[in-house]
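Colleague: I'm new to reading protein models, and I'd love a close look at one single part of this one. Could you pick a residue, show me where it sits, and then work outwards from there?

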Amino acid sequence: MKIHEYQAKQILAEFGVAVPRGGVAHTPLEARAVAEKLGTSPIVLKAQIHAGGRGKAGGIRLAHSPEEVESLARQMMGKKLVTPQTGPEGKEVKRVLVEEGVSILRELYLGMVIDRSRSRPVVMASTEGGVEIEEVAAKAPEKILKEWVDPAVGLQPFQARKLAYRLQLTPQQAKSAIDLILKLYDVFEAKDCSLAEINPLVITTDNRVIALDAKLNFDDNALYRHGDIAQLRDLDEEDPLEVEANKYRLNYIKLNGTVGCMVNGAGLAMATMDIIQLAGASPANFLDVGGGASAEMIENAFRILISDPNVKAVLINIFGGILRCDRLATGVVEAMSKLDVKVPVVIRMEGTNVEEGKRILKESGFNFIIADGMKDAAEKVVAVAK
Ligand code: GDP
Ligand code: MN
């Protein structure tokens, strides 16, 4: 799960990480009020969307008076901001963060993620902060400093010191940076983050070390023990079909292809996506209805799947174990009768009561395309999707 920058900064501040003074605003007048309360100049306005790259896209603006803050907020809010991370459709700006402007000496990078290949967190730092860090990682990987953390003992002070000294800081700056790195790791661990990133981490002209930007992502599987964080979810920023699927506890992830798939079991779903690709098309989604899906779940899943306008054909690939094939067939037929399905539907099923399932499909009056085996199913669905 992702949250906004202003929310991330609140959490960082609770853990003692230095962030600029500021506040969030939902209207231009609120933005002006925050600026008046800050009483400083310049003031920075930052569009709050769940995507980076705002700086270059006009989502970060500098103002010199509360009046200017209000008028810039008026220009930004309600408009779509398009950055390399939002996709071409952009994201509507509904909130802005109004902060004291900071005078920057250096822009550094600091980030933490789980390194799956080593099964432990990795702390990354770089002197090349501010710009796209992905570019640095690709062109000059040696400029990304790394320290791997033993999760049993946590990030050790000597590791934070090592990073700080390699960032070429003065002793005073290094002291603040070490403290900040250790505190960010506290956040990362305490909140079950999958990512904690500060880009840029700045050294100010008066030698302070502060988090100018902040990004925290959380492990969804740990959200059950962080009620406070789950509440920060902003559904406006998420894919509406994924939000809908979440309500029915369906594992649905929207993708960019044309073949909608409904599969039971994550492993079979992955294999189905692979074989669609092999047959010459791309999956429109990942959807695992689970082992014990009810007819109702199948109906909901089917509805969500065909609501995606990119879907040109549907492949239902079910191994009937706990979910019997006849029950699946009944669910699909019920869904077809209630929904206006305009795309061809290919069904491959195998397992318990498969013959009964096939009979239900054949006698339903709907024009299902029945396939034998995965390869046949993939070829048939790709042919009708084209
Ligand atoms: P992002 O582009 O979405 O990652 O947004 P950031 O919060 O990282 O801001 C992008 C850039 O705007 C930073 O790298 C800074 O160069 C600049 N910026 C942001 N806040 C300030 C500020 O308070 N003072 C100054 N001088 N520049 C700022
Ligand atoms: Mn940034």
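Modeller: Let's start with Leu 195, which is found in strand β10. Please keep in mind that we are looking at a predicted model.

Is Leu 195 buried or exposed? Its relative accessibility is 13%, and buried means under 20%, so Leu 195 counts as buried.

Now for its neighbours. Leaving aside residues up to four places away in sequence, Leu 195 touches Met 112, Val 113, Phe 188, Lys 215, Leu 216 and Asn 217. For a contrast, try Asp 288: Leu 195 and Asp 288 are 93 residues apart in sequence, and their C-alpha atoms are 26 Å apart in space.

Leu 216 is a good neighbour to follow. Again without residues up to four places away in sequence, Leu 216 touches Met 1, Lys 2, Ile 3, Ala 8, Ile 11, Val 187, Cys 193, Leu 195 and Ala 196. Leu 216 also belongs to the largest nonpolar core, a set of 40 residues. Together with Leu 110 and Val 123, Leu 216 is among those with the most contacts inside that core. Which elements build it? At least two residues each come from α1 (5–14), β7 (104–115), β8 (120–126), α6 (157–166), α7 (171–190), β10, β11 and β12. The biggest share is from α7, which gives nine residues. Apart from this core lies another, of 34 residues, and among them are Ala 245, Phe 302, Ile 347 and Phe 368.

Back to strand β10, where there is a metal site to see. The manganese ion (ligand 2) is coordinated by Asn 199 through O and by Asp 213 through OD, at 2.2 Å. This pair links distant parts of the chain: Asn 199 is in strand β10 (residues 193–204), while Asp 213 is in the loop between β11 (209–211) and β12 (215–218), 14 residues apart. Asn 199 is buried, and Asp 213 is too.

Next, two helices elsewhere in the chain. Glu 244 has its place in helix α9 (residues 240–247). With a relative accessible area of 19%, Glu 244 is buried, since the cut-off for buried is under 20%. Setting aside residues up to four places away in sequence, Glu 244 touches Arg 303 and Ile 304. Asn 300 is in helix α11 (residues 295–306) and is also buried, with a relative accessible area of 9%. Counted in that way, not including residues up to four places away in sequence, Asn 300 touches Tyr 248 and Leu 250.

Rings are worth a glance as well. Arg 118 lies over the face of Trp 148, at 3.6 Å from the ring centre. The count of aromatic pairs comes to two.

Finally, let's step back to the whole chain. Its secondary structure comes to 14 helices and 18 strands. Its C-alpha atoms fill a box of roughly 80 × 50 × 40 Å, taken along the principal axes. Of the 386 residues, 49% count as buried. The accessible surface comes to about 18200 Å², and 52% of it belongs to carbon and sulfur atoms. Among contacts between residues at least 6 apart in sequence, 68% join residues at least 24 apart.

How values were computed:
Residues are numbered from 1 along each chain as its sequence is written. Chains are lettered from A and ligands numbered from 1 in the order in which they are written. This is a predicted model: local features need pLDDT of at least 70, side-chain atom pairs count only at pLDDT 80 or more; totals for chains, interfaces and linings use all residues. Side-chain values use heavy atoms; hydrogens and water are left out. Donors are N, O and S atoms within 2.8 Å of the metal (3.2 Å for Na, K and Ca); water is not among the atoms, so sites may look incomplete. Helices (H or I, at least four residues) and strands (E, at least two) are DSSP runs, numbered from the N terminus. Buried means under 20% relative accessible area, exposed over 50%, partly exposed in between (1.4 Å probe, protein chains only). A nonpolar core is a set of buried Ala, Val, Leu, Ile, Met, Phe, Trp, Tyr and Cys residues joined through side-chain atoms within 4.5 Å. Contact means heavy atoms within 4.5 Å. Rings of Phe, Tyr and Trp (its six-membered ring) pair if their centres lie within 6.5 Å; planes under 30 degrees apart count as stacked, over 60 as edge-to-face and the rest as tilted. A charge sits over a ring if NZ of Lys or CZ of Arg is within 6 Å of the ring centre and within 35 degrees of the ring normal. Accessible areas come from the Shrake-Rupley method with a 1.4 Å probe; for residues, only the protein chains shown count as cover.
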